[in-house]
Amino acid sequence: MTREKIILLIILAVTLGGIAAGLLLYNQPGFTGNRVANPDSYTLEIQRMHGTDRHTMELNAGDVLQIHFETEKGSLHLEITAPDGTVLYTGNGGETRDFTVNIPQDGTYSVTVEAKHAKEILRIQKTCKVKEDISMKNIVLNGNPQRREHHITPLLLILLFICILAGCARGKKAPASMNIDTKDGKTIRTGTEVYTYQVEAGQTGILSVRVARESGRLDLDIYPTGSADKPEYTGRDMDNTSFDVTLKNAGEYTVRFTADQFVGEYGIEWKTVKGIGAQ
């Protein structure tokens, strides 16, 4: 074997070895980004992910999971499994970016994410189905189907007004530093906007969040006032979405929106529910 052939074989072996090592490193499991896993929510803001991540959520019959996919590159597969092993959802969100999954029974649900060189955003948020105290179903009177009539009395109106004053209107807008500009007929927001809400003992607070973005960036942080390091919810670079955040512990909570050249609409609705989830 000539010297030239030996050199050529060495170069070929080194090249193949480099390619193999590169492929091995490329396919190494890893995660770079932001992961937030709470009992009622699960968020992956992925810069790079290759591998599998799992999370469990304690859910009740009638709950609804609001799911948001946002894909830049790679692939991500999501599977949600019920306590009895039934697969409620399996897919990659390719058919739609926003959808819901209904929860059929109480128990522990498994969420499994498999990613291949993915750069994506996945958000799963539990919302509670409100149970009606008064049934509007047909009832039978004297053998004939009849519809039950419900009348709103002045007393009910007074009680509703007291409820609104006592629970639903406790939000206070704190001093903010939101700059608002107008260009080409569009409102552009940059800065922060802060609200505080109070949950009384024996109550649960429910924050309904709505975001409709055209451009720019909007972040959201919800945390007990004075404990920003213990967030109830963290949302980064939020897109078109709507969901509920449940606040189960008594105390004051801070809601902070941070905007960077944000064009669009966002809003929150607040209500309290007596006794549900209270500590």
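This passage describes the fold, charge pairs, nonpolar cores and a pocket of a predicted model.

The predicted protein is built from 2 helices and 15 strands. Of its 279 residues, 35% count as buried. Contacts between parts of the chain that lie well apart in sequence are a good place to begin: among contacts with a separation of 6 or more, 70% join residues 24 or more positions apart. The features below put names to some of these links.

Charged side chains offer a helpful way in. Side chains of opposite charge can pair when their charged atoms come close. The structure holds 9 salt bridges, including one in which the side chains of R35 and D53 meet at 2.8 Å, N to O. This pair links distant parts of the chain, with R35 in strand β1 (residues 30-38) and D53 in strand β2 (residues 41-59), 18 residues apart. The two partners sit in unlike surroundings: R35 has a relative accessible area of 37% and is partly exposed, whereas D53, at 17%, is buried. D53 takes the label "buried" because its value falls under the 20% cut-off.

A further salt bridge joins E72 and K119, whose closest N and O atoms are 3.5 Å apart. Here too the pair links distant parts of the chain, since E72 belongs to strand β3 (residues 64-81) and K119 to strand β6 (residues 107-127), 47 residues apart. E72 is exposed, with a relative accessible area of 59%, while K119 counts as partly exposed at 23%. Another bridge is formed by D221 and R256, with 3.4 Å between the closest N and O atoms. D221 lies in strand β12 (residues 203-224) and R256 in strand β15 (residues 251-274), so that this pair also links distant parts of the chain, 35 residues apart. For D221 the relative accessibility is 8%, which counts as buried; for R256 it is 28%, which counts as partly exposed. Charged groups can also join in a wider arrangement, as with R213, D237 and D239, which are linked in a network of salt bridges.

One member of that network, D239, leads on to a histidine in strand β3. H68 lies in this strand and is buried, with a relative accessible area of 4%. A polar contact of 3.3 Å joins its side chain to that of E70. Leaving out residues up to four places away in sequence, H68 touches R97, D98, I121, L122, R123, D239 and N240.

Turning to the nonpolar interior, a general tendency gives the setting. In soluble globular proteins, nonpolar side chains tend to be buried together. The largest nonpolar core in this model has 24 residues, and those with the most contacts inside it are L65, I67, F69, L78, V113, L122 and I124. Strands β2, β3, β5 (98-102) and β6 each supply at least two residues of this core, and its largest share, 7 residues, comes from β6. L65 shows how such a core residue is surrounded: beyond its neighbours up to four places away in sequence, L65 touches M57, L59, I80, F99, T100, V101, I103, I124, Q125 and K126. Apart from this core lies another, of 22 residues, with Y197, L218, Y233 and M238 among them.

Strand β14 (residues 241-247) holds T241, which is buried with a relative accessible area of 15%. Aside from neighbours within four places in sequence, T241 is in contact with V209, R210 and V211. Its distance from R123, one of the residues touched by H68, is also worth a look: T241 and R123 are 118 residues apart in sequence and 9.8 Å apart in space, C-alpha to C-alpha.

Empty space in the model can be examined as well. Rolling a probe the size of a water molecule over the atoms shows where empty space is left. The second largest pocket has a volume of about 210 Å³. Its lining is made of 13 residues, of which E45, Q47, E72, I121 and D237 lie nearest its centre. Strands β1, β2, β3 and β6 each supply at least two residues of this lining. Several names return here from earlier paragraphs: E72 is the salt-bridge partner of K119, I121 is among the residues touched by H68, and D237 belongs to the salt-bridge network with R213 and D239.

Terms used:
Residues are numbered from 1 along each chain as its sequence is written. This is a predicted model: local features need pLDDT of at least 70, side-chain atom pairs count only at pLDDT 80 or more; totals for chains, interfaces and linings use all residues. Side-chain values use heavy atoms; hydrogens and water are left out. A salt bridge is a side-chain nitrogen of Lys or Arg within 4 Å of a carboxyl oxygen of Asp or Glu. Helices (H or I, at least four residues) and strands (E, at least two) are DSSP runs, numbered from the N terminus. Buried means under 20% relative accessible area, exposed over 50%, partly exposed in between (1.4 Å probe, protein chains only). A polar contact is a pair of N or O atoms within 3.5 Å; within protein, one must be able to donate a hydrogen and the other to accept it, and residues adjacent in sequence count only if both atoms are side-chain atoms. Contact means heavy atoms within 4.5 Å. A nonpolar core is a set of buried Ala, Val, Leu, Ile, Met, Phe, Trp, Tyr and Cys residues joined through side-chain atoms within 4.5 Å. On a 1 Å grid over the protein atoms alone, a cavity is a set of points where a 1.4 Å probe fits but cannot get out, and a pocket is an open set with protein on both sides within 12 Å along at least five of seven lines; lining residues have an atom within 4 Å of a point. Grid points are joined across faces, edges and corners, and a volume is the space filled by probe spheres set on the points.
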